Amino acid sequence: MDTRAAIIAIIVKRTESANEINTVLHEYSDYIIGRMGIPYQKKNINIISIAIDASQDIINTLAGKIGRIEGVTTKTVYSPED
């Protein structure tokens, strides 16, 4: 299976969504390289970045599941293909 490195950027507007986000991230923990979360109180949002190494299908599925959570927005940036 070919894998790619990617960053999934997550903006959380509803803090109530945190448990659901964490549950999804736990499901994909085998692929996650690292995670950083930053509370941005001035805008009342939380910013999370996920570094991941997985197949494009897995990355897309993870980003899609998180993006469907209420009050959450995601964008994904992929490493160049070989």
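Two strands count as paired if DSSP finds at least two bridges between them. With that in hand, the sheet of this predicted model can be read strand by strand. Ile7 stands opposite Val77 in β4, and the two strands β1 and β4 pair in the antiparallel sense over seven bridges. β1 also pairs with β3, again in the antiparallel sense, over nine bridges. Arg4 of β1 has Ala54 as its bridge partner in β3, and Val12 has Asn46.

Strands of a sheet pair through backbone hydrogen bonds, either parallel or antiparallel. Here four strands make an open sheet in the order β2-β3-β1-β4, and the pairing is antiparallel. β2 (32–40) and β4 are the edge strands, each pairing on one side only. From one strand to the next, the twist averages 15°.

Two helices pack on this sheet. α1 touches β1, β2, β3 and β4, and its direction makes about 165° with that of β2. α2 touches β1, β3 and β4, and its direction makes about 160° with that of β4.

The side chains of β1 alternate between two faces. Arg4, Ala6, Ile8, Ile10 and Val12 point to one face and are buried. Ala5, Ile7, Ala9 and Ile11 point to the other face and are not buried.

Arg4 belongs to strand β1 (residues 4–12). Is Arg4 buried or exposed? Its relative accessible area is 16%, and buried means under 20%, so Arg4 is buried. The side chain of Arg4 reaches the backbone oxygen of Ser79 at 2.5 Å. Leaving out residues up to four places away in sequence, Arg4 touches Ile52, Asp53, Ala54, Gln56, Ile59, Tyr78, Ser79, Pro80 and Glu81.

The next element to follow is helix α2 (residues 56–67). At 1.5 Å a residue, its twelve residues should span 16 Å, and the end C-alpha atoms are 16 Å apart, which agrees. The expected span is 1.5 Å times one less than the number of residues. Which residues of α2 are buried? They are Ile58, Ile59, Leu62, Ala63, Gly64 and Ile66. What covers them includes β1, α1 (18–27), β3 (45–54) and β4 (72–78).

Some of these residues also belong to the largest nonpolar core. This core has 19 residues, of which Ile8, Ile10, Ile52, Leu62, Ile66 and Val72 touch the most other members. β1, α1, β3 and α2 each supply at least two residues of the core. α2 gives the most, with five residues.

Ile66 shows how the parts meet. Leaving aside neighbours within four places in sequence, Ile66 is in contact with Ile10, Val24, Leu25, Val72 and Thr74. One of these contacts, Leu25, lies in helix α1. Leu25 counts as buried because its relative accessibility is 3%, under the 20% limit. With neighbours within four places in sequence again left aside, Leu25 is in contact with Ile32, Arg35, Ile50, Leu62 and Ile66. Leu25 and Arg35 are ten residues apart in sequence, and their C-alpha atoms are 9.7 Å apart in space.

Note on methods:
Residues numbered from 1 in each chain as written. Predicted model: local features only at pLDDT ≥ 70, side-chain atom pairs only at ≥ 80, totals over all residues. Heavy atoms only, no water. Buried < 20%, exposed > 50% of the residue type's maximum accessible area, 1.4 Å probe, protein only. Polar contact = N/O pair within 3.5 Å; in protein donor to acceptor, adjacent residues only side chain to side chain. Contact = heavy atoms within 4.5 Å. Core = buried A, V, L, I, M, F, W, Y, C linked by side-chain atoms within 4.5 Å. Axes fitted to C-alpha atoms, helices over the stretch in contact; angles between N-to-C directions.
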